Amino acid sequence: MTDYRLLNTVNSPEDLKNIPERLLPELAGQLRDFLVKNVSNTGGHLASNLGVVELTIALHRVFNAPGDKIIFDVGHQCYVHKIVTGRRESFKHLREMEGLSGYPKTSESEYDAFNTGHSGTSVSAALGMARAREIKRTNEAIVAVIGDGALTGGIAFEALNDAGQSKLPIIIVLNDNNMSISRNVGAMNRYLNSMRTSLRYQNFKKDLVSFLDRFSSLGKSMSRFLERFKNRIKYFLLPNVLFEELGFTYLGPIDGHDIRLLQRVLDQAKNIMRPVIVHVKTKKGKGYKPAEENPEKFHGVGEFDPSTGILHKEGRKRMNSDIFGDALVQLAKDDELIAAITAAMPEGTGLMPFAEKFRTRFFDVGIAEQHAVTMAAGMAASGMKPVVAIYSSFLQRAYDQIIHDVCLQNLHVIFAVDRAGLVGRDGETHQGAYDIAYLSHMPNMTVYSPASLAELKSMLKQALQLGCPAAIRYNRGLLPESVSDRPLEYGKWDVIKPLGLFTVVVTGRLVETVIGLDTDTGIVNARFVKPVDCELLENMKQKCKAVLVIEDGVITGGLGSVIAQRLSPSRIRVECMGLPDRPVPQGSIAEQDEYCGLSKEHIHRRIKEISENL
Ligand SMILES: Cc1ncc(C[n+]2csc(CCOP(=O)(O)OP(=O)(O)O)c2C)c(N)n1
């Protein structure tokens, strides 16, 4: 039985502040053990949290949350913060429906300053708070904790650009572990690497702590002089200090596992009345060997044996993403114009086999969805056939790029919209709820929605021959091998059971659910969300009294609303089942189906009700 005696005394940041400094390494050890034990039972984001144990302790000892604001970028590394802010007991229910969220939630605790989930937002949010502080004349400290991966995103650069010139006191803690989910990429990462390893700078760094100590004990004007002096030296030692040029005072790089040093430097940062960057070097997975050795696997994990690190379901289950990835490899063998693009998710989107086979045609652009899309547009404008694989919720970022750069120019870019629909335990921020709505109103766009793996493969093949923009949306999980033998025909839906007085139109993964029901209604598989099958809809006008449309996307602006519009004016009653007009919380996908009224039982009941009232 693990001894959590010290950890058990910490129920608030105040408790944390009362622990003598010499005991903090022991506390860090207990926190790590607690994390590993709990996440091995619930699954969740482990490696990033193991990396920020000391940093989170130091942050909560130096700053006074909730008065001071600490914003965690992406938010997947907020577990330690949650543990030390009174939520230790809730960890048993991490990521369960109605349990503890795996991300910061202002509704869950006053210590969570801002909701996050998508990368790169923390600096903008912090600057917004700093500007509010100016106007309201309050004096809280504002801290954004951002990873080197998140720093590859456009929004983070935009925010740095604005924050640097604002001259407002905010503290950006750059948690640099050299990793995104996979190895981090890009010129900024290379630059950070050079800072980490610069020898001249390493020597200078050794003196940093004593320098800071002296610096803080001097009077104000002397301090200002010394700070300028220090910056000059730093420029000499490391001529290209980008952050200083942008308007930040730069402190670091420092060892992110040395609590004393972290406290000192954060304390220093707190007293600098302008934007500061504290560059902290950490190790992803720190203190748990399996995670240190394989941080990618332990970025987000399922349940595992804590003593070995072996997953209960070892060997990732094959998902639609893998089928897509393999199909793309097959097609790319015969077509040298096909390229694949990911925004920092080569594993999750199933593109690793492509990356290994076609190194020159594979591009990981970092967490930069907007750039990924416009870059693809550029490639298409030059005659390539780029396939951009991005999760539905992250593709929201690139709404304008899809319209402005791809669709208005009618460029042949293919979007593999992964994790479309309900996604499970990541909850609200990650639901692929909106892609049907946001893609179907785009000019020149084709939107495919496969109900089976066979359809997914033929849709990819067809999309690569279209010559205009196309998106294929598929869910998290594995579709059935096949739902019908009829070949894919552009713009045509698949009539699985002949149209009746009452017909169900269903799309994507829910086709399998409806086929499995014992009903005598007509069943249509809407293989295309756009274009809709106008001929079949005309037929429905003749034959049907009621149509029920079922989709796992938001009802507002979804397939059902397009069909209702197309069938109007007519006397057909059109009903819709889909996601509600409110965020869908975390839980298993089955629980979320239940929550949204999309479970097999719900659908069956609704079909019976409509049948009985025709
Ligand atoms: C807009 C967006 N794209 C992709 C992701 C998926 N994602 C979650 S964490 C992560 C890596 C973040 O790396 P970093 O900020 O360095 O944090 P670390 O995990 O290394 O601690 C990615 C790509 C996301 N959350 N948001």
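These are my notebook entries on a predicted model of a protein chain.

**Entry 1: the whole chain**

I began with the overall picture. The protein chain holds 26 helices and 19 strands. Its radius of gyration is 27 Å, close to the 25 Å that the globule rule gives for 614 residues, so the chain is as compact as a globular protein of that length. I also looked up the extent of the C-alpha trace, which spans about 85 × 55 × 50 Å along its principal axes.

Next I checked cover and surface. Of the 614 residues, 59% are buried. The chain exposes about 25,200 Å², and carbon and sulfur atoms supply 51% of that area. For contacts between residues at least 6 apart in sequence, I noted that 74% join residues at least 24 apart.

**Entry 2: strand β2**

I then turned to β2, which covers residues 142-147. Is this strand mostly covered or mostly open? It is mostly covered, with 6 of its 6 residues buried. I looked at each face in turn: I142, A144 and I146 sit on one side, V143, V145 and G147 sit on the other, and all of them are buried.

Which strands pair with β2? One is β1 (residues 69-72), which runs parallel to β2 and is joined to it by 4 bridges. Within that pairing, I70 has V143 as its bridge partner. Another is β3 (residues 171-176), also parallel to β2, with 5 bridges between them. Here I found V143 opposite I171, and G147 opposite N175. So that I can find V143 again: this residue of β2 partners I70 and also stands opposite I171 of β3.

I followed the chain onward from β2 as well. With helix α7 (residues 154-166) and β3, strand β2 makes a right-handed β-α-β unit.

**Entry 3: strand β3**

My next stop was β3. Since 6 of its 6 residues are buried, β3 is largely enclosed by the rest of the structure. I171, V173 and N175 point one way from the strand, while I172, L174 and D176 point the other way, and all are buried.

What else pairs with β3? I found β5 (residues 276-281), which runs parallel to β3 and is joined to it by 6 bridges. In β5, V276 is the bridge partner of I171. I171 therefore goes into my notes twice, as I had already listed this residue opposite V143.

**Entry 4: S122**

I picked out S122, a residue of helix α6 (residues 122-136). Is S122 buried or exposed? Its relative accessible area is 0%, so S122 is buried.

I then listed what surrounds S122. Apart from neighbours within four places in sequence, S122 is in contact with I71, D73, A144, V145 and I146. I recognised A144, V145 and I146 from my entry on β2. D73 deserved a closer look: 49 residues separate S122 and D73 in sequence, yet their C-alpha atoms are 4.9 Å apart in space. The side chains of S122 and D73 make a polar contact at 2.6 Å.

**Entry 5: N320**

Last, I looked up N320, which is found in helix α15 (residues 320-333). N320 has 0% relative accessibility, and because buried means under 20%, N320 counts as buried. What does N320 touch beyond its neighbours within four places in sequence? I listed L453, L456, Y474, N475, G477, L478 and L479.

Notes. Residues are numbered from 1 along each chain as its sequence is written. This is a predicted model: local features need pLDDT of at least 70, side-chain atom pairs count only at pLDDT 80 or more; totals for chains, interfaces and linings use all residues. Side-chain values use heavy atoms; hydrogens and water are left out. Buried means under 20% relative accessible area, exposed over 50%, partly exposed in between (1.4 Å probe, protein chains only). Helices (H or I, at least four residues) and strands (E, at least two) are DSSP runs, numbered from the N terminus. Two strands pair if DSSP finds at least two bridges between them. A crossover is right-handed if, with the strands pointing away from the viewer, the path from the first strand over the helix to the second runs clockwise. The radius of gyration is taken over C-alpha atoms; the globule rule is 2.2 Å times the number of residues to the power 0.38. Contact means heavy atoms within 4.5 Å. Accessible areas come from the Shrake-Rupley method with a 1.4 Å probe; for residues, only the protein chains shown count as cover. A polar contact is a pair of N or O atoms within 3.5 Å; within protein, one must be able to donate a hydrogen and the other to accept it, and residues adjacent in sequence count only if both atoms are side-chain atoms.
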